[in-house]
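Please open the model in your viewer and keep the sequence panel visible. The stops below indicate what to select and what may be found there.

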Amino acid sequence: MIKKLFLYVLLAVVLLSAVLVINTFTKTSAQMRVEAKPAPEITASALQHFKEALTFKTISHGDRNQFDSAQFLGFRNFLERAYPNFHAKTTREIVNGYTLLYTWKGKNPALKPIVLMAHQDVVPIEEGTESLWTVDPFAGEIRDGFIWGRGTTDDKINLISLLEAAEKLMQNNFQPEQTIYFSFGHDEEVGGSGAIAVAALLKERGVEAEFVMDEGGIITSNQIPGITKPVALWVLPKKDSCLSDCRWKRQAGTVLCQHQKPPLIFLQTQS
Ligand SMILES: [Zn+2]
């Protein structure tokens, strides 16, 4: 009996090994080969818009009393001036006082919409470190080939990039197939009440997004031991785990969340 069992196990091992060997030599990688697109042209006006965006002190303070509404209103007016087509072709809602929710209607109402997010606010300059800055953190100065200032990476670059892309598409009379929501929170750095309110609003309206895209990591070099190529960090939370990790899940109950624990992290090197 034991001998027979041993033979079965042996047969199973031999079969499994054979399958693995055959697969090793016959299967090719399922990794998609995607041709890199050429980097888009950065126009003088796009650069100017970005620099100007950095000049607004849309700071989120730990102490809410320090909130400077004039800076946020100024930033809102600047966006209206800089992106006229965008403001003509979308509807804008002001949520929770300063968060901006734009809706760009798609051609096909049967398709689920997508939500693109960014935030207007930046963190303050840490007290006592002002003199350590060699540039004005709110001037958008270009020095040595870099643009300096609060919000250059977190997160005005994201907000301005979305608007530049949409404005350009609108200039060419492009209309997306699916509706696109642009949600620009005003207090992401201190809890994200604006994003919570947007999530609640969309939920109330029965909006179910195809996907939500928020800010991501940056491409860095020599930050990870053993990898010398530039590396981009991709954080891909699954919809369900995003929900379970989302800190305002019970309040909002949608996938519009930030600062969730990412269950999946991919590192992608540039070839
Ligand atoms: Zn951010």
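Begin by selecting residues 114-119 together with residues 180-185: these are strand 3 and strand 6, which run parallel and are joined by six bridges. This is a predicted model. To examine one of the pairings, select V115, whose bridge partner in strand 6 is Y181.

Keep strand 3 selected and add residues 211-213, which form strand 7. Strand 3 and strand 7 also pair in the parallel sense, here over three bridges. For a single example, display L116, whose bridge partner in strand 7 is M213.

Is strand 3 mostly covered or mostly open? Five of the six residues in strand 3 are buried, and the strand is thus mostly covered. In this model, a residue is counted as buried if 20 or more other C-beta atoms lie within 10 Å of its own.

Next, select residues 2-26, which make up helix 1. How many of the 25 residues of helix 1 are buried? The number is zero, so helix 1 lies largely in the open. Place a distance label between its first and last C-alpha: helix 1 reaches 36 Å, close to the 36 Å expected at 1.5 Å a residue.

Finally, select the whole protein chain. Its secondary structure comprises eight helices and 10 strands. Of its 271 residues, 27% are buried. Among contacts between residues at least 6 apart in sequence, 72% join residues at least 24 apart.

How values were computed:
Residues are numbered from 1 along each chain as its sequence is written. This is a predicted model: local features need pLDDT of at least 70, side-chain atom pairs count only at pLDDT 80 or more; totals for chains, interfaces and linings use all residues. Helices (H or I, at least four residues) and strands (E, at least two) are DSSP runs, numbered from the N terminus. The expected span of a helix is 1.5 Å times one less than its number of residues. A residue is buried if 20 or more other C-beta atoms lie within 10 Å of its own, exposed if 12 or fewer, and partly exposed in between; C-beta atoms are placed from the backbone. Two strands pair if DSSP finds at least two bridges between them. Two residues are in contact if their C-beta atoms, placed from the backbone, lie within 7 Å.
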